[in-house]
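Here are my notes on this model, written for someone opening it for the first time. Please keep the sequence and the 3D view side by side as you read.

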Amino acid sequence: MSHHVQREIRYNFEFDHRIKACFIGAGGHAYRNVYPALRYAPVELAGICDLDLARAEKFAKLFGAGKAYTDHREMLEREKPELVFLVTAYHPDGRVQATDLALDALAAGAHVWMEKPTAASIEDIERLQAASAAAGCMVMTGLKKTFFPTIEKLRDLIGSPGFGRLTSINVRYPQSLPKPEERADLVKMQSFLDHIYHPGAILNFLGGEIERAGYEWEPLTGASVTSLRFRSGAIGTLHFAAGQSGGSIFERVEIIGEGANAIVENGSRLTYFRKADLPSYGRAASFIQPDENAALFYEPEHSLGQLYNNNLFYLGYVPEILHLTDAILAGTPITRGTLEIAREIMKLFEFYRRTDAGVTTNL
């Protein structure tokens, strides 16, 4: 199955049928990245809910929603949406607000698209799984990294004739891991929980389930390096590069196959090093490879007003929403951002919370 598929985008007003939806949350992230993505999805926004009514009313006016609410249960009862979007924050104790809101939406008979993190524990994920099955409705977490065109392309390289099996993978992401004595506190682990979903989603998408892991932790910045073995037999590393410059390449992913490798930097720059032999050692006078072995380089141009150089697209916001709306309209299940995948990421999060820090552990 090809994961990176070119598609012609339709605008919201061009769809003959639009899914009735409600949105819970009127914050800055939603304003920048999620509400604008609905311009390209078959969605009719019926209501917006936020604890701040004035803010909900402003968002409703800006994004074309029918009504503003402060009580999400009232909104669900009155509007009876088919789909609910959730972009909210955390409870004072560090639990994820969206987890309980998703349960309410499922009880009201609606599908759910929720921003990560899905929950703060495996138990909460399992509650969502049971509720989703009982309601016959899907819950999708916005794992945008798996919808980056570059990451999709990496996934399609794996197993291809020119690349071969995935043998190793390296993911670098700038995130600090708190001190061991603080990891039982969800509030102190909030930033880590918020961000583990990004590299965790990439590792799962490209490598599959993790079998075991062990790591070293650095106390000055909270950086860590984790060694991984996947059930497929591939190995890998997850480098939480806390301490790197704010002007640095933000993140980096490399996959290595059987004589070929590919690297994604900053999410939008992909270099595929196709199979090639090293030139004759001590005798080769040129580093230029034959054209059929030369590296392939992909990067969007930023001169034209195209959709592909808009961050709503190359950062995956529109594609991830379309993945769910396509599935709803077709009556088929989603394959990315599922609760099963969220549970795998939560296993990684809970691994880092253990007191036996650094011990190689079966997941």
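The points below go through the strands, the cysteines, the annotated domain and the empty spaces.

1. A word on the ground rules. This is a predicted model, where local features need pLDDT of at least 70, side-chain atom pairs count only at pLDDT 80 or more, and totals for chains, interfaces and linings use all residues. Residues are numbered from 1 along each chain as its sequence is written, and side-chain values use heavy atoms, with hydrogens and water left out.

2. Start with strands E11 (residues 252–256) and E12 (residues 261–265), which pair in the antiparallel sense over five bridges. Helices (H or I, at least four residues) and strands (E, at least two) are DSSP runs, numbered from the N terminus, and two strands pair if DSSP finds at least two bridges between them. Ile-255 sits opposite Ala-262 in E12. The two strands make a hairpin with four residues between them, and Gly-259 in that turn has a positive phi of about 95 degrees.

3. Now follow E12 onward. E12 is joined to strand E13 (residues 269–273) by five bridges, again antiparallel. Glu-265 has Arg-269 in E13 as its bridge partner. E12 and E13 form a hairpin too, with three residues between them, and Asn-266 in the turn has a positive phi of about 55 degrees. While you look at strands, remember that in a regular strand the side chains alternate between the two faces of the sheet.

4. How many disulfides does a search of the whole structure find? Zero, where a disulfide means a pair of cysteine sulfur atoms within 2.5 Å. Cys-22 has no bond because its sulfur is 8.9 Å from the closest cysteine sulfur, in Cys-49, which is too far. Are these two cysteines buried or exposed? Cys-22 is buried at 0% relative accessibility, and Cys-49 is buried with a relative accessible area of 3%. (Buried means under 20% relative accessible area, exposed over 50%, partly exposed in between, with a 1.4 Å probe and protein chains only.)

5. On the record side, an unreviewed UniProt entry carries the annotation "domain: Gfo/Idh/MocA-like oxidoreductase N-terminal" for residues 20–142. In the model, the end C-alpha atoms of residues 20–142 lie 19 Å apart, and the span is 41% helix and 21% strand.

6. Next, the enclosed spaces: the whole structure has two cavities of 30 Å³ or more. (On a 1 Å grid over the protein atoms alone, a cavity is a set of points where a 1.4 Å probe fits but cannot get out; lining residues have an atom within 4 Å of a point.) The largest cavity holds about 100 Å³ of space. Helix H7 (190–207) and helix H10 (339–353) each supply at least two residues of its lining, and H10 gives the most, with four.

7. The second largest cavity holds about 30 Å³. Among the residues lining that cavity are Arg-252, Val-253 and Val-264.

8. Finally, the largest pocket has a volume of about 1100 Å³. (A pocket is an open set of points with protein on both sides within 12 Å along at least five of seven lines.) Of the 33 residues lining this pocket, the closest to its centre are His-4, Val-5, Gln-6, Pro-149 and Glu-152. Helices H6 (149–157), H8 (311–314) and H9 (317–330) are the elements that give two or more residues to the lining of the largest pocket.

Key. UniProt positions renumbered as here; feature names shortened; annotations may be inferred. Points joined across faces, edges and corners; volume = space filled by probe spheres on them.
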